[in-house]
Amino acid sequence: METPSDFKMPGDHILAGLFPIHSVSGEVRGRPEVTLCERSETFNGHGYHLFQAMRYAIEEINNSSSLLPNITLGYELYDVCSKSANMYATLSILSQPRGNHIKIPENFFSYYPKAVAVIGPSSSEMTSISASLLSTFLIPQISYGATGPMFSEKQEYPSFLRMVPSDKHQVQTIVMLLKKFGWSWISVIGSDNDYGLQGVTLLENLVTQEDICIAHKDIVPISAQADDSTMQDMMLSLTKFGANVVVVFCTRNQAHIFFKAVLLGNVTDKVWLATEDWSISSHITQVSGISRIGTVIGVAIPQREVLGIKKFEEAYTQAKKISEPSIDPAQDRDDEICNQHLFFTTDINTEMSTFSMNSAYNVYAAVYAVAHGLHHLLGCPLGVCSTGKIYPWQLLEEIKKVNFMLHGNPVSFNENGDPFSGYDIIIWDWNGPNWTFKIIGTSTWFPVHLEIDETKIRWHKGKKQVPRSVCSEECLAGEERRIVGPHHCCFECVPCPAGTFLNSSDQNLCHPCKKEEWSPAGSRMCFSRTPEFLAWHHPVSLVLMGANTLLLLLLAGVASLFARHLDTPVVRSAGGRMCFLMLGSLAAAGCSPYCFLGKPTPLTCLLRQSLFALGFAIFLSCLTIRSFQLVVIFKLATKMPTLYHSWVQNHGPKIFVVMSSTVQLLICVMWLVAWTPQPTKEYKLFPELVVLKCSKEGSPGYMLSILYTWLLSVSCFTCSYVGKDLPENYNEARCITFSLLLYFISWIGLATTSTVYNGKYLPAINALVVVSSLSGVFSGYFLPKCYVILCRPDLNTTEYFQASIQDYTQRCSSS
């Protein structure tokens, strides 16, 4: 039976509905009065379908024998075509039954308004007005279209619930789409209302965390027209910044105006990401030439259908054809203002788009959620529903707990009053002038997941590849980004310097290789460094070992030869038993080259330089005192006999050798204690090598030992030069000069080489200098004496030596 009014029906419990049955393009008020919705210029077919969905749901519940069996639901429906009408409707709902005023109670829990629950309104902007007031009185409000993220804050909106997901999840889905297709350079367009402004802000905050840059951001004004200067400047900016992907976070009406401007500005061949408010709206696809704009991929609420609503609307239309529109004069003026008795004309278009059907289902499900809450609150599961008074806050607690299936779809709310649902990802599909949309994927956020079937996507202009939308193309492996301009997405690619790398999974900054690794310039990976040292089996090492071993064998042979001819004049003139000390010190120093070969160890680092320094210092001490002693014997003995006898009796030569050697020994001990050389790894010399060496090779202690050795060398050279006119058998100035000159040149060469080369063969050069120094002094001093012993025994006689001394004496006397 038809109710007295299409907007009002009595019942045991009243539900209120807020629907935009008319549309007002702009609301500017000079006086605080309510917009007369029936006088507005535009009938809203979408809002009409929502209006009918609530009436249909309540009629279906009232006819149900299982849901609220002995309870009748009534309704009061309001046309909220404007903010003022929405405010009036909210205040009317809050007013007490049989009255038209709001009484502010001391205890909100005992307040009983006209309606126990409210369905609607659709937009976030309208909802923010009504939700603030309704939450104060804890009146349950279930919106079928408000997606603003702020409504999830229960401290501010404790009684608000909704059938559509929060824009927070929509933005997460959009960002997942951007990442899925590799779009990092985008433009963002929003509408100048809560939906657009908050959505753009959410998107801005999230993309900055995901390496996505917003090239251009703009807002479509409420009063915008497609051909005005503001919109055309917006089109120029879209073209100027070159982003091939545009996120349009607008309401349907603003999106309609925006795309008209897009076609006027000829901004085509782009990818447009649509939000759920307009993604499947035929209001947008009716824009002339819209198929030329490019590819439209959108986020949409999963499709739901209200079974039987089309027949319900057709029956309603048929009923209106046989009744004349009238207004009951008995109703007061306020109800007339709010369209409480408005009858629709017979020319209503009952065609429902997919978008309207989805929204109608949300209204339908919201009414059922309230009914299920009432069902449990009234104790209906026990058999009979109680008929006592209930308060809105009691119903709110039950609605939060509902969990039921409605035509195969679950209906429930999380702790924030949001539904447990995901999104469909759709793409516009044009077949000539005919438009439809295809579902190409889904998204969820518990857990966060996006699934896309790319085989269903047909890009604009028949492209098979995903359109690119980046400010700069990705760098190759081994190249790092160098930011150009204010956006981190705009960069130039620079090869990584040597010693760093950058693989294909990370295109930001080059990373240094580990200490044991190296890389060439522009490398995508690091390589292990090769340990570098002079191995024993290296040809250079083998040659050095052969030469040094031969030297040691010669020293042993000479020692044996001198031992057999110890009492001969040649051996006695060479120093007698001191020769064995000299040969032994050379042999000790001759062990030093072996310490330069192979992998450095703590022992070889200690001995490689100190062994030579000490051994060679002992040899030079002996050689110096032997040259000095010859000068004393031949030049000072007759002139200063007392001094000479004192020198001999007090063992001057032995004391000198001991003291001189002790000085060098103390220097070496101090050097090895204060600047202990240790095996170390040198990484700076060669990028691909780790040079194994001994540390502190040029320490002050080492330099002091070298300086002392040079001091002994100069002293020896001076003494031998002073005795250059001694008898031929005792004159060794030329041999000693040659030997020491070879020594000086070798060490000067080593010092020069060390300044320009510090690689693998430096230990070999060190060893070669030691071998050459030892070979020089050995050859200059001992080989001539060996020659006389072995080849000229006639010169190794007492008579020959006495004759030489007599000849020297005669020359001195004659001079």
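The following exercises, with worked solutions, concern a predicted model of a single chain.

**Exercise 1. Confidence**

Determine which elements of the chain have the lowest and the highest mean pLDDT, and decide how residues 325-343 should be treated.

*Solution.* Begin with the chain: its average pLDDT is 84, and 88% of the residues score at least 70. Next, turn to the elements. Helix α10 (residues 333-337) has the lowest mean, 40, whereas strand β6 (residues 117-119) has the highest, 97. Then examine the stretch in question: over residues 325-343 the pLDDT is below 50, and the model gives this stretch 36 contacts beyond near neighbours in sequence. Finally, apply the general rule: where pLDDT is low, the predicted coordinates should not be read in detail.

**Exercise 2. A tryptophan pair**

Classify the aromatic pair of W183 and W459, and state where in the chain its two members lie.

*Solution.* The whole structure contains 34 aromatic pairs. For W183 and W459, the ring centres are 6.0 Å apart and the planes form an angle of 85°. Planes over 60 degrees apart count as edge-to-face, and the pair is accordingly assigned to that class. As to location, W183 belongs to the loop between α4 (167-180) and β9 (185-191), and W459 to the loop between β18 (448-452) and β19 (479-483). The pair thus links distant parts of the chain, 276 residues apart.

Are these two residues buried or exposed? W183 counts as buried because its relative accessibility is 1%. W459 has a relative accessible area of 5% and is therefore buried.

**Exercise 3. A tyrosine pair within one helix**

Describe the geometry of the aromatic pair Y364 and Y368, and give the position of both residues in the chain.

*Solution.* The centres lie 5.0 Å apart with 55° between the planes, and the pair is tilted. Both tyrosines, Y364 and Y368, are in helix α11 (residues 354-377), where 4 residues, about one turn of the helix, separate them. Y364 and Y368 are both buried.

**Exercise 4. Charges over rings**

Identify the rings over which K389 and K785 lie.

*Solution.* K389 places its charged end over the ring of Y112, 4.9 Å from the ring centre. K785 lies over the face of Y781, and the distance to the ring centre is 4.2 Å.

**Exercise 5. Two paired strands**

Establish how β9 and β10 run relative to each other, and find the handedness of their crossover.

*Solution.* Strand β9 and strand β10 (residues 213-220) run parallel and are joined by 7 bridges. Within this pairing, I186 stands opposite I214 in β10. Between the strands the chain passes through helix α5 (residues 194-207), giving a right-handed β-α-β crossover.

Methods
Residues are numbered from 1 along each chain as its sequence is written. This is a predicted model: local features need pLDDT of at least 70, side-chain atom pairs count only at pLDDT 80 or more; totals for chains, interfaces and linings use all residues. Side-chain values use heavy atoms; hydrogens and water are left out. pLDDT is the predictor's confidence in each residue, from 0 to 100. Contact means heavy atoms within 4.5 Å. Rings of Phe, Tyr and Trp (its six-membered ring) pair if their centres lie within 6.5 Å; planes under 30 degrees apart count as stacked, over 60 as edge-to-face and the rest as tilted. Buried means under 20% relative accessible area, exposed over 50%, partly exposed in between (1.4 Å probe, protein chains only). A charge sits over a ring if NZ of Lys or CZ of Arg is within 6 Å of the ring centre and within 35 degrees of the ring normal. Two strands pair if DSSP finds at least two bridges between them. A crossover is right-handed if, with the strands pointing away from the viewer, the path from the first strand over the helix to the second runs clockwise.
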